[in-house]
Structure formats: structure tokens, C-alpha cells
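Please look over the model below before reading on. My notes are short and go point by point.

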Amino acid sequence: MESIPEGHAHRFDALVARARGLAPAGGRALLGIAGPPGAGKSTLALRLVERLVETGGPGAAALVPMDGFHLAQAELVRLGRADRKGAPDTFDAAGYAALLARLRAPRAGEVVYAPAFDRSLEEAIVGSVAVPAAVRLVITEGNYLLHDDAAWVPVRPLLDEVWFLAPDPALRVARLIERHVRHGRDRAAAERWVARSDEANARLVEAGRGRADLVVAGDPVPGARGGADTDGEKVSGGQEDWA
């Protein structure tokens, strides 16, 4: 397992180059980005795809988030899991693995459609992400790509490489609280949810860190001081460690 430490100069450029190198000529590779809630997974994944498409054209990369496999709120209520939304058993892990297997074997002329999670609705929307057969690198991000529970074990072998994001824990928690506040919880309720639910999930995610191919410490995305949470929105108080 390799590691890129916090403060390493030009880390984002290095990550772009590494991602680009995964995709074989005339083929397809799958890159996973894992990490605890609030680590900035979707922000890094989105920026990688943007840069790869900018330099390599529309077939260079596509983003397929794991969060599209959240179970519907009504199903979580039926199962008695609504108060644990975000835990491993509140996703369709088998459906996610099946999609990854399909993405690993693109068929000429076929477009694969993947779901995405709409945070304004708190629901997954089917058919939201189109992945044409010509796409060379599919980037997927989520909490449980390295989780060793039986339902999630099939995921890791379907990914050519997995990176683990390890930001400053205090900053990550602050981001999560601000995210919940932005999405309607009062601050006290947001703090309780993070302490009870998000941090319990973070401990499960951390257990898979040793199975990653690369660990990235700190905030890997360059730009204005602030970093970003898992919504891809800017938040205050981030690290600026780009020399």
C-alpha cells in the first residue's frame, strides 16, 4: 500500500496522472475512491473526471457514485433502518456489485445507465448517469468499497485500484455537521447525528484502510482555501497544502 502524505506538492496532478495510467488503450478500468463520511470522496472523483475529460475528451472518464444504491426511504422505514441511513445495510450492495461487473465488460454501442443520489430529495434516482461503451475509466466513490462484510466483499475485486482518503478528523466532522445543517437539521440535531451515525460508519470504513492501494492524507483537491464535503460543496476551515 502506497501513501501520499499531507503537504505533498502537486498531489492532485499526480493523482490525475495515476488515474489516467490505469485505463488501458482500447479498454476500460475501474477506479474506486473510499474513505469515511465527509472525507471529500465525491469532490475528488468529480475533479478527476473533469480534468481527465478536459485533457482526454468525453471518453476519458465517467463518475458512478456508490450512493445511487441507497435504499429508498420507504424501504428503510419498512426495515426499521431509517435512523441508521448510511450504514452498510442501508444500501443495495449486491446491485452495486452487479453494476460494477457490467461496467467492467462494456459492449460495443451499449450505454449503461447508473443511479445517482439526489440529496435534495434524500432518494436515489434511477437512470441518472450514462456510461457509454467508449469510456476508458469509470471512477466510483463511496464509503464501503473496502468493507469486509459479506455483502460488500464482491466489490473490491471488481476495481482495478482503490484509493483511501484520510483527511484531518476534526475538519471532516466539522464538514459533516455543516452539511447536515445545510440540508435542514438544526445544529444540535446535526451534531447528534454525526456523533451517533456518521462516526459509527466512519469506524467501519477506517477498518478497510489497509486494503487500499493508495492512502491520500489531507485534502487532495487544489483550489481556494476551504476543501469540500461529500456534496462537492465548499465549506470553511479547510487545509491549503499545495506548494
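The points below cover the model itself, a helix, a hairpin and a glycine.

1. This is a predicted model: local features need pLDDT of at least 70, side-chain atom pairs count only at pLDDT 80 or more, and totals for chains, interfaces and linings use all residues. Residues are numbered from 1 along each chain as its sequence is written, and side-chain values use heavy atoms, with hydrogens and water left out.

2. Start with helix 1, residues 11-22. Helices (H or I, at least four residues) and strands (E, at least two) are DSSP runs, numbered from the N terminus. The expected span is 1.5 Å times one less than the number of residues. For the 12 residues of helix 1 that gives 16 Å, and the end C-alpha atoms are 17 Å apart, which agrees.

3. Which residues of helix 1 are buried? They are Arg-11, Phe-12, Leu-15, Val-16 and Ala-19. Buried means under 20% relative accessible area, exposed over 50%, partly exposed in between (1.4 Å probe, protein chains only). Seen down the axis of helix 1, the buried residues fall within an arc of 140°, so they line one face. The arc is that of the directions from the helix axis to the C-beta atoms.

4. Strand 4 (residues 111-118) and strand 5 (residues 123-132) run antiparallel, joined by 7 bridges. Strands pair if DSSP finds at least two bridges between them. Ala-114 has Val-129 as its bridge partner. The two strands form a hairpin with 4 residues between them. In the turn, Glu-122 has a positive phi of about 60°.

5. Gly-35 sits in the loop between strand 2 (29-34) and helix 2 (41-56). Gly-35 is buried, at 0% relative accessible area. Leaving out residues up to four places away in sequence, Gly-35 touches Lys-41, Gly-142, Asn-143, Phe-164, Leu-165 and Val-205. Contact means heavy atoms within 4.5 Å.
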